[in-house]
Amino acid sequence: MVFTSLSFLLFYPLVVFIYFILPQKLRWGFVLLASLYFYTNIQPVFTLLLLGVSIVTYSFALFIDKSKSYKKKEILLTIGLLLVLLPLFFFKYYNFVNESIFSLLELTGLRWHLPQINWMLPIGISFYTFMAIGYIVDVYNEEIEAEKNLGLITLFLSYFPLVLSGPIERAPSMLPQFKKKMEFNYPMVVTGLQMILWGYFMKLVVADRLSVYIDPIISSIDQHSGGTIFLATLLYPMQIYCDLGGYSLIAIGAASVMGLKVRPNFNRPFFAMSVSEFWRRWHMSLISWILDYVYTPLSFMLRKYKMKGVVFTITLTLFIMGMWHGARLTFLVWAFYQGFFISLEAITKKRKSEIERRFNLTKKVWYILISIIITYIIFAFSFLTGGIRHTVSEGILAVIKMFTHFGPVYIDKTVLLYAFLGIAILLISEFRDEFYPNKFLFFNNKNVIIRWLSYFSVLLVIFIFGVFKGSNFIYFNF
Amino acid sequence: MDRSDVYEKLTGIFRKVLSNDSLEISDELTANDVENWDSLSHMLLITEVEETFSIKFRLKELNKMHNVGEMVDIIISKL
């Protein structure tokens, strides 16, 4: 039951309705049951794994909280984290380690293999594992007290709007919300519904339409001209943004209707003027998680090496982030690609800001535009490292083709026209939010007629131009 | 060393690391208020502070520094 399925459109309103007519005391328990039902509906067996991780997380946080000595807390933290990470490693990295280590052994003449296991990845595992780790570390750092109610920890990890693809939330912000009175909050319901509507627009009108054009091209790079690949490469960030961004908005909106505030995942990434700024606007819940639980501890340990330490930490952090997406060489290359640009910016930052100040560049339209375009292109080309779509060498082939066989560009007029219409609406709306916040409002206009006209127009655009073939979300693969 | 001495030294460090000669710091100032104060320069700031005051922070303390005021409190507690 994914957000774009018909069954979710029945499930969600029903859950919200029952939720609000139930007495306060029973509400969190009901959401927990609904969440477990939601997850079981997608992957029955792996609900047990989710419950297992919840129990381990719950117990170790309590153990850490209760133990007196610093040393003992540290040992418990280590064991707890290892146990929580174990399923993730098993499902995500087992085959990778198996294949790569044993193919190395084969070089030395040893022929010994562990059996291949081709289970599917438990959906959402990378997301809820990170939330579990965050909670255990927060308890260790005394940011919050260990929760005494196992049900609330299970709800935190399995809460249905977030369980499949985040945003990766934190216990200090979610647990108190589950505990307090869950009231019907009219402004939050309205904002939530607006987000859900906009999320469906991004996913069904833009992402799924673009995928009709992009996916076949990227999966057979050798059969397309350089120019076609170039266009697909430039469009792909828009597809993936509207896929995960749309998903996130539906998730955050679904929580908001129930009176729960969830952290944002994107902040108009395509208006970033540098790669490092881009990463503060893109998949923010993942980035801030990595910053707090990986980057900060690492760079703190290496702080005496100053700039060298910083560059090393950035690269290592990005490596871990790449590996989080999957154990593939492509993600490793991707990490080095991003690491290169972010490090370059870190090293040249002082000089750059001096020049910007001297010529007052950050106020000049042409400078803003060029910075935005360059940042976008750097990001777009990072996907040619392959990800889950193709190999690194195919990506290199694609770049070579762009320069040697640009050739005619394949244009599917209807698909691209529909997609560009969606992109235009999206970008104009984001342009307004970026440069003219609180002006030219549609969803939040004071005039009730304009408000409802805009809701209906977006709904109409979704029905006319949306793609309804029950597609999945890209981030379910992670 | 009292609070104003710490502030004086700290202002110098902030101006140098964040390359902003006119930066004024106050208790309520956070990283969000200052251009260039991001996760990269933050760790360089921490290192400079440690060297200038000859102190060593712990990671836990780092997580508790939500604004300049809290940073000053922790520095003073270590002097």
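A polar contact is a pair of N or O atoms within 3.5 Å; within protein, one of the two must be able to donate a hydrogen and the other to accept it, and neighbours in sequence count only if both atoms belong to side chains. Keep that rule in mind for the boundary between the two chains. The model is predicted.

Start where the chains meet. Across the interface of chain A and chain B, three residue pairs are in polar contact, with both residues at pLDDT 80 or more. Which helices of chain A supply at least two residues each to the side that touches chain B? They are helix H12 (284-301), helix H13 (306-325) and helix H14 (329-358). H12(A) gives the largest share, six residues.

Now take the interface as a whole. On chain A, 22 residues are in contact with 23 residues of chain B. The area buried between the chains is about 2,000 Å². Carbon and sulfur atoms give 56% of that area. Phe300(A), Arg303(A) and Lys349(A) stand out: they supply 29% of the area that chain A buries against chain B, more than any other three residues.

Charges meet here too. Three salt bridges are found across the interface of chain A and chain B. Look at Lys349(A) again. Its side chain meets that of Asp38(B) in a salt bridge, 2.9 Å from N to O.

Next, widen the view to salt bridges in general. The structure holds 18 of them over all chains. Follow Arg281(A), which has partners in two helices. One partner is Glu277(A), and the two side chains meet at 2.9 Å, N to O. Glu277(A) and Arg281(A) are four residues apart in helix H11 (residues 275-281) of chain A, so about one helical turn separates them. Another partner is Glu434(A), again at 2.9 Å, N to O. This second pair reaches further along the sequence: Arg281(A) lies in helix H11 of chain A and Glu434(A) in helix H17 (residues 413-435) of chain A, so the bridge ties together parts that are 153 residues apart.

Are these residues buried or exposed? Arg281(A) has a relative accessibility of 10%, so Arg281(A) counts as buried. Glu434(A) has 22%, so Glu434(A) counts as partly exposed.

Chain B has a bridge of its own to inspect. Lys16(B) forms a salt bridge with Glu48(B), and their closest N and O atoms are 3.3 Å apart. The pair links distant parts of the chain. Lys16(B) sits in helix H1 (residues 3-17) of chain B, and Glu48(B) in helix H2 (residues 39-53) of chain B, 32 residues apart. The two partners differ in accessibility: Lys16(B) is exposed at 52%, whereas Glu48(B) is buried at 15%. Back in chain A, salt bridges that share partners join Arg268(A), Glu277(A), Arg281(A) and Glu434(A) into one network.

Turn now to the rings. Over all chains there are 55 aromatic pairs. Phe3(A) and Tyr247(A) form a stacked pair, with centres 4.8 Å apart and 5° between the planes. How many residues apart are they in the chain? The answer is 244, with Phe3(A) in the segment before helix H1 (6-21) of chain A and Tyr247(A) in helix H10 (residues 226-257) of chain A. Phe3(A) is buried at 1% relative accessibility. Tyr247(A) is buried as well, with a relative accessible area of 1%.

Compare that with Tyr19(A) and Phe20(A). Their ring centres lie 4.9 Å apart and their planes stand at 70°, so this pair is edge-to-face. Both residues are buried. Tyr19(A) has another partner: the charged end of Arg27(A) sits over its ring, 5.6 Å from the centre. Elsewhere, the charged end of Lys92(A) sits over the ring of Trp324(A), 5.3 Å from the centre.

Some rings join in a cluster. Ring pairs link a set of residues that includes Tyr236(A), Phe266(A), Trp279(A), Trp334(A) and Phe383(A).

End with Phe46(A). This residue is found in helix H3 (residues 46-66) of chain A. Its relative accessible area is 12%, so Phe46(A) is buried. Leaving aside residues up to four places away in sequence, Phe46(A) touches Tyr39(A), Phe91(A), Met120(A) and Pro122(A). Arg358(A) gives a sense of distance. Phe46(A) and Arg358(A) are 312 residues apart in sequence and 58 Å apart in space, C-alpha to C-alpha.

Key:
Residues numbered from 1 in each chain as written. Chains lettered and ligands numbered in written order. Heavy atoms only, no water. Phe/Tyr/Trp six-rings, centres within 6.5 Å; stacked < 30°, edge-to-face > 60°. Buried < 20%, exposed > 50% of the residue type's maximum accessible area, 1.4 Å probe, protein only. Lys NZ or Arg CZ within 6 Å of the ring centre and 35° of its normal. Contact = heavy atoms within 4.5 Å. Buried area = accessible area lost by both parts, 1.4 Å probe. Salt bridge = Lys/Arg side-chain N within 4 Å of Asp/Glu carboxyl O.
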